[in-house]
Amino acid sequence: MISAVLDNRRFRSWGGQILLLGGFAALLLWLVNNTVTNLDARGIKVGFDFLWRQANFPISESVLPYNPSDTFLWAYVTGVGNTLAISVLAIFLSTALGLLVGLARRSKHPLTSGVAGVFVTTMRNMPLIVHLLFWYALATTALPAPREAYNPLPGVFLSLRGFYIPALELDATAWVVICLVIAVTWGAWRLRHHVFGTGRWHDRHPVLALSGLTAAVSLGAALLLQPDAVVSFPEMRGFNFTGGLRLSPEFAALMLGLVIYTSAFIGEIIRGGIDAVSIGQWEAGRAIGLSERHTLTKIIIPQALRIIIPPMTSQYLSTVKNTTLALAVGYPELGLVVGTVINQTGQAIESIGLLLGIFLTISIAVSLFMNWYNAHVALVEAR
Amino acid sequence: MTVIDLAPTVAHIEPSAPPRPPRKPILQLFFGDVMASVLTVTTGFLLILMIPALNWAVLDAVWATDDPSTCRDRGACWAFIAAKFRFIIFGVYPPDEQWRPLLVMGLILAMALVSLSPRLWGQRLIAAWIASVAVMLTLMWGGVLGLTPVPTSSWGGLPVTLLLALLSLGLGLPFAVFLALGRRSSLPIPRMLSLMTIELVRGLPLVGLLFVASILLPLLLPAGWSIDKLGRTLAALTVFAAAYLAEVIRGGLQGVSAGQIEAAKALGIPGWKAVWHIVLPQALQKVIPPLTNTAIVMVKNTSLVLIVGVFDMLSAARVAATDPVWPAPYVESYVFVALIYFLICFGISNYSRWLEIRVQSRSYR
């Protein structure tokens with residue numbers, strides 16, 4: 001009787017699974033129990049009350065306004081803001097550079113493809129943290145003091161204290177104008193076929209038509225609302241620069257390292273995607289009389305995108321996670337803020353828990369967005 | 001009746017390679033049309049921008065000097081690397097005992113070379129690896145056979161980097177196999193647990209895991225258990241490697257056709273035996289090239305242990321550059337370390353490409 005029950009497949013599989021779950025639960029309980037005992041022994045109180053206390057530590061630079069009299073909670077928010085800002089900027093810049101690298105590697109020109117190949121091979125085979133430390137060392141030891149700053153381009157100064165570049169200073173009206181121009185241009189471009197019909201000159205010269213439209217709308221909006229936009233150039237005043245935008249050595253090193261490293265990977269993903277589209281598609285495009293450009297934009301790229309998107313998603317995700325390496329060069333992103341808070345308060349469990357929770361949220365959000373986008377461009381097969 | 005002899009005509013039909021496209025003259029290749037000229041000029045300009053870097057690294061560099069302070073005149077201070085070579089490679093390992101880490105690195109290299117040929121892959125090679133890792137750890141630790149004991153806090157440099165990469169991959173692989181099998185299982189609970197573990201670890205930055213290992217692990221374990229810093233770091237790297245390896249292995253499992261397991265069932269082979277002896281060997285064989293890519297990722301990732309204060313090669317190079325006698329040669333240190341990482345990773349990636357070609361051309365056995 002008992003052996004019949006034991007031999008039953010369903011019983012065995014469920015028995016095994018319950019045992020596994022029980023073992024897992026026991027492990028968790030054991031860890032929690034240890035932690036509680038250890039915390040008691042050390043007299044540490046667990047809780048999120050500290051979030052509302054005054055932080056009292058500085059954050060050297062941030063996208064969101066922050067000062068040491070703010071709460072620990074706001075310090076975390078500032079850290080998350082910095083992490084998101086550098087992630088978005090790094091992803092954007094490395095996608096642009098990666099596209100160039102990928103296309104350069106596919107180029108028939110031996111010099112261009114050779115240089116791109118060497119770039120990809122060297123950059124991919126070195127750890128990111130070495131990239132970051134290298135650029136940081138270069139920015140903080142090789143550059144001259146502000147007085148003798150390098151001036152490679154007009155308005156750009158490179159010095160030990162950071163990089164100074166011209167900045168565009170916009171008032172609120174200017175932002176309204178920018179949003180308005182984008183919205184109106186986009187709307188007009190979408191509606192052009194309803195107004196002018198198809199196949200007219202705006203379809204034959206789309207670039208010309210679109211830039212003309214944008215220029216006209218911008219001019220109209222600017223004359224109508226009169227925004228205040230000034231380009232401010234950095235200038236040497238006394239011992240330091242005034243005006244312009246200052247990029248700290250930490251930020252500059254982080255961006256350079258992250259973008260160069262990531263673009264090498266993205267370049268390979270893009271090249272692989274384009275190469276994976278069969279050569280027959282190119283030939284078919286030529287055979288039906290499409291120009292090389294139209295074959296690329298209308299036939300090859302839409303198919304390559306489907307191949308590119310999954311690896312690109314994981315590349316973007318690892319770029320977001322890679323921003324945590326910024327703490328090696330001292331840029332105050334979330335990881336560095338968490339480290340400082342742990343030093344200040346000793347609230348290690350809560351702080352690390354927050355760090356892990358925030359990164360999991362970002363990871364899931366990026367995957368969901370890319371899955372949506374992937375479904376958007378996916379092949380719709382007639383069945 | 002005449003016999004029609006077809007043989008001579010058949011013999012003439014032989015596959016022949018298509019004619020090679022005629023080679024373009026260099027001038028036409030570089031300046032043949034507008035696009036080519038633009039590319040030549042742009043790339044040429046980029047290369048010209050590199051000239052100062054070349055001057056710095058080679059022509060103006062100081063290769064040897066007796067007086068460190070004169071090292072920073074114009075170019076790179078490679079004399080610093082020559083002077084600090086031993087420190088960067090071995091860290092703070094006692095100088096008299098440095099033959100031991102040297103032997104360890106030699107052993108790793110020898111084992112890696114032996115493992116290159118797929119013909120030698122098998123249980124014996126795995127046993128040899130386990131034995132040699134035991135020898136390596138004994139050599140590093142000492143305390144037996146008259147070797148002076150050296151605590152892990154004195155380990156450093158390249159052997160630490162190599163051992164961390166090797167051990168995290170080696171220890172992570174068995175976990176990864178179970179996680180991958182669990183994720184593909186038809187039973188809901190193992191599937192959920194594996195999925196949770198894999199996605200949790202893959203959703204986190206390695207820095208976060210290293211924080212957990214170095215700060216939280218002492219809190220999570222009973223008071224009496226103490227694992228030193230190197231061990232905790234290794235634990236984090238192992239968990240990380242296991243999650244990534246599991247995804248690679250899952251890919252291999254998906255590539256084994258369902259017919260294999262059906263055939264095993266038809267022959268009356270019980271489930272686990274079929275998985276262990278039939279599905280897994282085929283799956284692992286398929287994923288060896290992508291596994292080498294994970295190996296490259298892990299070699300690069302070991303450099304992150306610098307953040308939690310483990311003395312790997314990168315930390316050693318950073319500490320070496322703080323020596324006040326020398327004029328802050330950080331850039332040179334990092335270039336040197338980058339070169340070593342490059343050689344290791346480039347070697348593995350070329351090997352992986354060679355393997356892939358082999359896989360395409362024939363089976364392993």
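pLDDT is the predictor's confidence in each residue, on a scale from 0 to 100.

**Entry 1. Confidence**

I began with the reliability of this predicted model. For the complex, I noted an ipTM of 0.85 and a pTM of 0.84 from the predictor. I then turned to chain B, where the mean pLDDT is 82 and 94% of the residues reach 70 or more. Where in chain B is confidence lowest, and where is it highest? I found the lowest value in helix H1 (residues 7-12) of chain B, with a mean of 55. The highest belongs to helix H8 (residues 158-184) of chain B, at 90.

**Entry 2. Domains of chain A**

I looked up the division of chain A and found domain 1 (2-42) and domain 2 (72-143 + 248-377). I recorded 41 Å between the C-alpha centres of domain 1 and domain 2 of chain A.

**Entry 3. The contact of chain A with chain B**

I next examined how the chains meet. Chain A gives 46 residues to the contact and chain B gives 43. On the side of chain A that touches chain B, I listed the elements that give two or more residues: helix H2 (9-42), H4, helix H5 (128-142), H12 and H13 of chain A. Which of them provides the largest share? It is H2(A), with 11 residues. By class, I noted 30 nonpolar, 15 polar and 1 charged residues on this side of chain A.

**Entry 4. H4(A) against H3(B)**

I then took one helix pair that spans the two chains. Helix H4 (residues 110-124) of chain A packs on helix H3 (residues 34-49) of chain B at an angle of about 40°, and the axes lie 9 Å apart. H4(A) is therefore oblique to H3(B). I noted that H4(A) passes H3(B) in a left-handed crossing. From H4(A), the contact draws on A:Leu111, A:Thr112 and A:Val115. From H3(B), it draws on B:Leu39, B:Thr40, B:Thr43, B:Leu46 and B:Leu47. I found 5 nonpolar, 3 polar and no charged residues in the contact of H4(A) with H3(B).

**Entry 5. H12(A) against H13(A)**

Within chain A, I looked at helix H12 (residues 334-345) and helix H13 (residues 348-377), whose axes come within 9 Å and cross at roughly 170°. How are H12(A) and H13(A) oriented to each other? Angles over 145 degrees count as roughly antiparallel, so H12(A) and H13(A) fall in that class. In H12(A), I listed A:Leu334, A:Gly335, A:Val338, A:Val341 and A:Ile342. These meet A:Ala348, A:Ser351, A:Ile352, A:Leu355 and A:Ile358 in H13(A). The contact of H12(A) with H13(A) has 8 nonpolar, 2 polar and no charged residues.

**Entry 6. H9(B) against H11(B)**

Last, I examined a pair within chain B. Helix H9 (residues 188-202) of chain B and helix H11 (residues 229-255) of chain B pack at about 115°, with 9 Å between their axes. H9(B) and H11(B) are therefore roughly perpendicular to each other. I noted a left-handed crossing as H9(B) passes H11(B). H9(B) contributes B:Thr197, B:Ile198, B:Val201 and B:Arg202 to the contact. H11(B) contributes B:Val239, B:Phe240, B:Ala243, B:Tyr244, B:Ala246 and B:Glu247. I counted the classes in the contact of H9(B) with H11(B) as 7 nonpolar, 1 polar and 2 charged.

Notes: Residues numbered from 1 in each chain as written. Chains lettered and ligands numbered in written order. Predicted model: local features only at pLDDT ≥ 70, side-chain atom pairs only at ≥ 80, totals over all residues. Domains from an automatic or database assignment. Axes fitted to C-alpha atoms, helices over the stretch in contact; angles between N-to-C directions. Helix = DSSP H or I, 4+ residues; strand = E, 2+ residues; numbered from the N terminus. Parallel < 35°, antiparallel > 145°, perpendicular 65-115°, else oblique. Left-handed = near helix turned anticlockwise from the far one by under 90°. Contact = placed C-beta atoms within 7 Å. Nonpolar A, V, L, I, M, F, W, Y, C, P; charged D, E, K, R; others polar.
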